[in-house]
Amino acid sequence: MLRYTNAGRVVGGPGERIHYAPMSIVWSETQQSRLGASWVAESSRRPRVRRFELILPESVDDCVRALAQRGPEAKLLAGGTDLLPQLKNGLLKPARVIDLSGVARLRAIEPADGQGLRIGSAVTARTLELDRAVRARYLSLAESGALVGSVQVRNLATLGGNLCNAAPSADMAPPLLALDAEAVITGPKGERRVPIATFFTGVRRTVLAQDELLVELLVPTPGPRSGGNYLRHTPRRELDIAVVGVASQLTLANGVCTKARIALAAVAPVPVRATAAEQALEGQPVTPERIARAADLAVEVARPISDQRGSAEFRRHLVRVLTRRTLTTALARASA
Amino acid sequence: MATVMKTTRDVKGIGLSIPRPDGPEKVTGQVQYVADLSPRGLLHAKLLRSPHAHARILRIDVSRARALPGVRAVLTAADIPELKKKAPTRAHAVLAIDRVVFAGQPVAAVAADEPAIAEEALDLIEVQYEVLPVSADPLEAMKPGAPPVADSGTEADTSEAQAHGSVAGITTEAKPAKAVNISQQARLQRGDVAKGFAESDVVIEKTYRVPMVHQGYLEPHAVLAQWDTAGNLTLWASTQGSFNTRTEVADVLELPENRIKVIPMECGGGFGGKIRALCEPITAILARATGRPVRYVMTRREELEAGMPAPQVIIRLKTGVKRDGTLMALEGEAILESGAFSGAVLAVSGVFLASLYLWPSFDVKGFEVLTHKPSIAAYRAPVAPQTIFAIDSQMEQLAKAIGADPVEFRLRHLQREGDKMANNQPWLSNGGAEVLTRIAEHPLWKKRAEWKASSKNGRLRGTGLSLGGWLGGLQPTGATVRLNPDGTLQVLTGQVDIAGTNIALAQIAATAYGIDIDKVKITTGDTDVAPVTGLSAGSKTVYTVGVAVMQAAQNARTQTLEIAAKELEASVHDLEIDDGKVVVRGVPNKGVTLAQIGKKGNLYMSKVEPVLGTSHPAFSVQAPAFCAQLARIEVDPETGEVTVHDFVVVQDVGKAINPLAIEGQMQGGAVQSLGMALTEALLYDDQGRLTNPSLLDYRKLTSADLPNIETIIVEKPAPHGPFGARGVGEPPIVPAPAAIANAIEDATGVRLTELPLSPERIALTVASAT
Amino acid sequence: MAKLVLNCTVNGEPAEVLVQPWDTLLDALRERMGLTGPKEGCGTGDCGACTVHLDGQPIASCLVLAMQARGHVVLTIEGLGRPGALHPLQEAFVRHGVPQCGFCIPGVLMAAAALLTENPRPTEEEIRYGIAGNLCRCTGYTKMLAAITETAGAAAGRRS
């Protein structure tokens, strides 16, 4: 009897050839098998729609109204780099798609009253990669944008889409976690703010209600002597998805680390902060030994699965390596 | 029979780096592939595929699908009378009848006005399966009592092996042994291996494993089918062999071949994966059922899940050597996983394992094993990269173990012309030693110690090389060469041009006839108009069709000169063709133009025959072609990431007809080889389902992963090739996996024997070694 | 479900096309406008064969709904150059013997053209990353690099 859950399954002992069990997000419910029993596949328990209605709002209010009308059967479309493959694979079959490309406000990047940066949810990865304001103070976020897919994908993929799709491997999540960002959400009941640290609730799940829209991210200024870095491991240099991603942000004052943030992608159902590792660094000068110790502590936070992208063992190994490397770079940038 | 063409004339064709004439159409997006065709009334086909690797079909209900507006046909096996209960080949298994044997096997087919409607119709088809136990691992499937794959009585399909013209003379037994899933087996033996091992100083035994990989062509399988009112079928196909497609479709549909016309469209990559019929039969049946043109284009997901990949190859290899470098014995077991239908090229493996280097005693067993996975087909030099990965890695380790120079050790034992192959045929003339010697002269090889010593910042540097090749295919073919009334030349073959061979063939025709290349037009005709020809595969297009074109052009030249001889009242032997005119040697003002001759053969009431040169040769002598590759790499031992800094390809092409095109083949094949080495694998779970059915997770190398591929052409003429040319397509895909594995060992000290040499494998192996 | 009217600019001309709501931009270009230069190699943004320019930026047109192009400017390979009036990149690709099967070529050229517009003097690494979103199975990319490098250098030569 084989069941595929979020945890996945590894077949074979250590040192043997590993068969990778699929992550459940790849396999839809109808593709699970039960040996020896007969069962009916593909019956119409849900509406089977490949064709959909398209809504073209021109403002945030339009969006909210559209979502309020038929929220559960509607999907929001920004860059389409996650949604369209899911539509084509039949993993999602919405009756309505709401296109956000006509809502200009969502693409804005502006200073946020001197307290940081306001980044619209439909800002593209490519914009994050190149924007001067983002690169100047939030370099790890620019780096994460630069790594997504390829240039053809980065010109479409959005910050909001990356977060709301909420894959455990979402590249832009760790830098935002490490920068203590806040999500600004709007819905029929008005606007609310949610710290990014609590935005993700599970694999492909966020705090967003079905009638709510992520409007923008507020990213506070890290401070004068702060530096960050985002690294991920991928088998190829482009067109790939993180096996493990790590963002580190270090803020210094008088030679001492006043704030440390370490956030990990693809090693848990949601992006996670390695708080024990952070605490081990705060309040003291940052040394290579302490960085190594923090890297070890970060591994303990990781609860990776084994799948065809990487084994749990390799992911833990990478957490240690990438935490060490991002902390080292963050330190160099903070000290510069 | 082919003849060697020698000429001392200043050739205006051979050896020139001429860009393909269809370049402008390709760079402007004007060249047409099947999916670009949209005839009036077009319907779109989609197939419902089994989610289970092994299951009985209890019931299929298509009623709701049929009722969906815009759906024009929904078919199951029950609607297709020609389907045979025991499908002899994958192509015959058009739709599953009562049992599915691989996940992705088609069980129903839909034709609809729009692709989205067809997709929805698939969702409305209800299938009741009884899931059965799966044979997903070939080592398990080989055992007696494993869940059976083939219908009992299904014959082993050796057409693939024959299509690749591989080594003759090996007895492959088609009857399975006790294990029900062993569909072919073979054994090659010589001498006394037990004695050989007993007398060895060093014995190395390793198991090498290469997973199934996909040929990776960018254009998915595509076909457009349409019937006329007289019951003739036209297929516009993306295919490597229009005549083969015609034959297979005729067989499946039980039609005479001359009722089917296959028009080969531009093929967006084949590499062996578009030889066998796959989508054509079902699309033709849908077109027949609806009376409309039907187009079926596979999605990328379907290609990966239900294409015809290369087999998984597992080779256990035990080799013994004396400390003085004498090879003593080789024992090997090669297991080729063929998927749900037989078709692996078993013989190739044995030949390369046991006779690329000369072993006084060997015992090599080969098994083809069926599993509940999509059946395999050829992939550019089928089974050779996997086999060379094993034997070359092993040779490298043997050399290291006894302190021998890796190149000298290989050269010392490399086969030479006349040596006995594993099947007791003599090795034919080849440039294996030449390419190996040439690559060893490369500065990157000579400076490998400095490269390694320059490792810094925690990265480890290394260099590795490897030698591989392909025996070369053969297939009968034909060509015609016509002189037009304006003096230009027209060449016709049936050969699908998937590798840019048409320009080379035009160059051969121009040179053989005696005319400038820009006066030659070459056409690939469809199966109604062209001479019967073979596959564009097996590295044999220039080698065989080149000879046909050359002979047809020579034939046309002879006819031209004979007509001119009468005109000029001279002897044929005193005539030559120069600058569009037939002249008497030494008397330049006495001549007749080619246009005049061409016109004479076409005028009303003329008594002069039109010039039509023909040739229809068959061949019996292969032309093995060897390729050596060198990789200079840097490894990040903590992440396992490999950076290929430099990569060199040295290849014996016999005679470079078109160096520009040949370089492209060498570079492209090398990058496919590197993909197999570093990143590519079709990963199945233990229920036989593919876990990476997208190009996100089936990783082909991007330009950012690669350096410039340096190419060095070596020419050791093939005695029977046109102007000495050998085939060039397959050799370059063979050596890279071994070269990279050797380089990784040089850099890190670890020896990996399983592909791909992924960052995970490297990092974890390095970590556990330290 | 009713079709929608897409108004946009395609290859320099205003275009008004009837599209299905679920049509991708690639579908609309190929099936509704007869521009079959952009190809579908994967449908999921992982191969680059569908690359066109949207407002001058290279994008994967298989991931964009046709209606998302409303009011925007689209350039396909057909708009880059024509036989007899080839774009310098196209001309260089022909001369260097780049196209083999040709399926990836329209996408590569669109990516390369966008790269050179944004970065007229790219390094080899920048070129490699600029076309890294375009998979090619036939060529191994080396001749593409040579053709793009030469075109950039020639343009630089003309500018100086």
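**Exercise 1. Determine how covered strand β15 of chain B is, and which strands pair with β15(B).**

Step 1. Strand β15 of chain B spans residues 362-370, and eight of its nine residues are buried. Buried means under 20% relative accessible area, exposed over 50%, and partly exposed in between, with a 1.4 Å probe and protein chains only. Strands (E, at least two residues) and helices (H or I, at least four) are DSSP runs, numbered from the N terminus.

Step 2. This is a predicted model: local features need pLDDT of at least 70, side-chain atom pairs count only at pLDDT 80 or more, and totals for chains, interfaces and linings use all residues. Residues are numbered from 1 along each chain as its sequence is written, chains are lettered from A and ligands numbered from 1 in written order, and side-chain values use heavy atoms, without hydrogens and water.

Step 3. Take the antiparallel partner. Strand β7 (residues 182-190) of chain B pairs with β15(B) over eight bridges. Two strands pair if DSSP finds at least two bridges between them. B:Ala186 sits opposite B:Gly366 in β15(B).

Step 4. Take the parallel partner. Strand β14 (residues 327-339) of chain B is joined to β15(B) by nine bridges. Here B:Ile335 is opposite B:Phe367 of β15(B).

**Exercise 2. Lay out the seven-stranded sheet of chain B and the helices that lie across its strands.**

Step 1. Write the order: β3-β5-β1-β12-β9-β10-β11. The sheet is open and its pairing is mixed.

Step 2. Find the edges. They are β3 (71-75) and β11 (260-264) of chain B, each pairing on one side only. From one strand to the next, the twist averages 20 degrees.

Step 3. Check one pair. Strands β9 (residues 222-227) and β10 (residues 233-237) of chain B run antiparallel, with five bridges. B:Trp227 faces B:Leu233 in β10(B) as its opposite residue.

Step 4. Add the helices. Helix α3 (residues 115-124) of chain B lies across β1 (43-49), β3 and β5 (106-112), at about 25 degrees to β1(B). Helix α7 (residues 242-253) of chain B lies across β9, β10 and β11, at about 145 degrees to β11(B). Such angles run from 0 to 180 degrees between N-to-C directions, and axes are lines fitted to C-alpha atoms, for helices over the stretch in contact.

**Exercise 3. Describe how helices α12 and α13 of chain B pack.**

Step 1. Start with geometry. Helix α12 (residues 406-413) and helix α13 (residues 432-440) of chain B pack at about 170 degrees, with axes 10 Å apart. That angle makes α12(B) roughly antiparallel to α13(B). The classes are: under 35 degrees roughly parallel, over 145 roughly antiparallel, 65 to 115 roughly perpendicular, the rest oblique.

Step 2. List the residues. From α12(B) come B:Val407, B:Arg410 and B:Leu411; they meet B:Ala433, B:Leu436, B:Thr437 and B:Ala440 of α13(B). Contact means heavy atoms within 4.5 Å.

Step 3. Sort them. Five are nonpolar, one is polar and one is charged. Ala, Val, Leu, Ile, Met, Phe, Trp, Tyr, Cys and Pro count as nonpolar, Asp, Glu, Lys and Arg as charged, and the others, Gly among them, as polar.

**Exercise 4. Trace the strand partners of β8 in chain A.**

Step 1. Check cover. Strand β8 (residues 116-120) of chain A has five of its five residues buried.

Step 2. Go to β7 (residues 109-111) of chain A. Three bridges join β7(A) to β8(A), and the two run antiparallel. A:Pro111 has A:Leu117 as its bridge partner.

Step 3. Look at the hairpin. Four residues separate β7(A) and β8(A), and A:Asp113 takes a positive phi near 50 degrees.

Step 4. Go to β13 (residues 213-220) of chain A. β13(A) pairs with β8(A) in the antiparallel sense over five bridges. A:Ile119 stands opposite A:Leu217.

**Exercise 5. Place two loop residues, A:Arg303 and B:Glu754.**

Step 1. A:Arg303 lies in the loop between α10 (288-301) and α11 (312-335) of chain A. Beyond its neighbours within four places in sequence, A:Arg303 contacts A:Val267, A:Ala268, A:Pro269 and A:Val272. A:Arg316 is 13 residues away in sequence and 8.2 Å away, C-alpha to C-alpha.

Step 2. B:Glu754 belongs to the loop between α20 (736-748) and α21 (759-769) of chain B. B:Glu754 counts as buried because its relative accessibility is 19%. B:Thr207 is 547 residues from B:Glu754 in sequence, yet 8.2 Å away in space, C-alpha to C-alpha.
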